[in-house]
Amino acid sequence: MLTDVVDLLLCPQCRARDVESGLGVGDTDRTLWCDRGHSFDVARQGYVSLLTGDGGKFTGDSAEMIAARDAFLGKGHFDSIAAAVSAAVPADTEVVLDVGVGTGHYLAAVLDARLDARGIGVDVSKFAARRAARSHPRLGSVVADIWSGLPVRTESVSAVTCVFAPRNAGELNRILVDDGVLVVVTPTSRHQRELRGPLGLIGVEEDKTRRLGESLSSMFEPVAESALQYPMMLSHNDIEALIGMGPSSRHGDPDARSAALRQLPDITEVTASVTVSTYRKANR
Ligand SMILES: C[S@@+](CC[C@H](N)C(=O)[O-])C[C@H]1O[C@@H](n2cnc3c(N)ncnc32)[C@H](O)[C@@H]1O
Ligand SMILES: [Zn+2]
């Protein structure tokens, strides 16, 4: 719940003026207040939006994309990825922040494996935040834009996870404690390759993992990297959800894609292929 992590949050309005003001819970649990009097409503669904006024450039995943993601992840096809993320986070981690939390699937898996840990799920999409808020009892769900700065206290988080989501190296470095870890999952060029030609899905750049390393290299040093690749047996419904939850849902001709989907066998073998990279702060 949000109240479990509120001591770790910062007022975004004060932060925009370079002041770190903590947040507290009001009398009714329905409002968060900062020391300087700014207030933020807790949504009925249990998340809070800490977007600043200039937010709005990125709106994140739509309601339909989050519903598709929920349906696909609920079938367990990416559970091995969730297990790998959880294994990469140290067992004694107390505070985990998942950036681009989506439905909360991965953060919930990390929290499930650590009975004393609490989690902050951050996403710019209110639809994601809404779904993440009910994904785990020890998860607090916050709407924020990673590119506008995170409304999270400096050096307050012991692990950050980032699964198929954007990351802002400077902000992730700032919020992590000195011996904290950053765990990043990126797709390889083999991820879902069987669907690209027939369904015209957007491909993954060949050197995504190397470019990830470069984008983080000034602030983080790599400590481990593992490859995870396995076949998934997907039905038409699964493939529809997989398309619906990703960027391809916003491109191409949906009718042509549905026709192409009908040409596939009832069950198609599709490769899941990701790299799980673990980093520590370079400036410890
Ligand atoms: C590909 S989805 C991955 C979601 C989740 N990690 C998963 O793998 O199921 C990317 C997520 O990042 C979020 N996102 C995109 N831009 C963002 C930003 N600027 N700040 C925070 N979240 C963002 C999207 O709304 C979406 O939920
Ligand atoms: Zn404030």
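Okay, quick bit of bookkeeping before we look: Ala, Val, Leu, Ile, Met, Phe, Trp, Tyr, Cys and Pro count as nonpolar, Asp, Glu, Lys and Arg as charged, and the others, Gly among them, as polar. With that in hand, the shell around ligand 1 splits into 12 nonpolar, four polar and four charged residues. And just so everyone's on board, what you see here is a predicted model.

So, where does the ligand go? Ligand 1 sits in the largest pocket. There are 20 residues around ligand 1, and the ones that come nearest are D61, G100, D123, D145 and V163.

Let's go through some polar contacts. D123 puts a polar side-chain atom 2.6 Å from an oxygen of ligand 1. Then we've got backbone: at G100, a polar backbone atom is 2.7 Å from a nitrogen of the ligand. I146 also uses its backbone, with an N or O atom 2.9 Å from a ligand nitrogen. As for how covered the thing is, ligand 1 on its own exposes 600 Å², and the protein buries 91% of that.

Okay, leaving the ligand, let's talk charges. In general, side chains of opposite charge can pair when their charged atoms come close. How many salt bridges does the structure hold? Nine. One of them joins the side chains of R174 and E20, at 3.6 Å from N to O. Now, why pick that one? R174 is in helix α7, residues 169–175, while E20 is in the loop between α2 (12–15) and β1 (23–25), so this pair ties together parts that lie 154 residues apart in sequence.

That's my bit, over to you folks.

Definitions and conventions: Residues numbered from 1 in each chain as written. Chains lettered and ligands numbered in written order. Predicted model: local features only at pLDDT ≥ 70, side-chain atom pairs only at ≥ 80, totals over all residues. Heavy atoms only, no water. Near = heavy atom within 4 Å. Polar contact = N/O pair within 3.5 Å; in protein donor to acceptor, adjacent residues only side chain to side chain. Areas by Shrake-Rupley, 256 points an atom, 1.4 Å probe, with all protein chains shown as cover. 1 Å grid on protein atoms, 1.4 Å probe; cavity = no way out; pocket = protein on both sides within 12 Å on 5 of 7 lines; lining within 4 Å. Sits in = over half its atoms within 2 Å of the grid points. Salt bridge = Lys/Arg side-chain N within 4 Å of Asp/Glu carboxyl O. Helix = DSSP H or I, 4+ residues; strand = E, 2+ residues; numbered from the N terminus.
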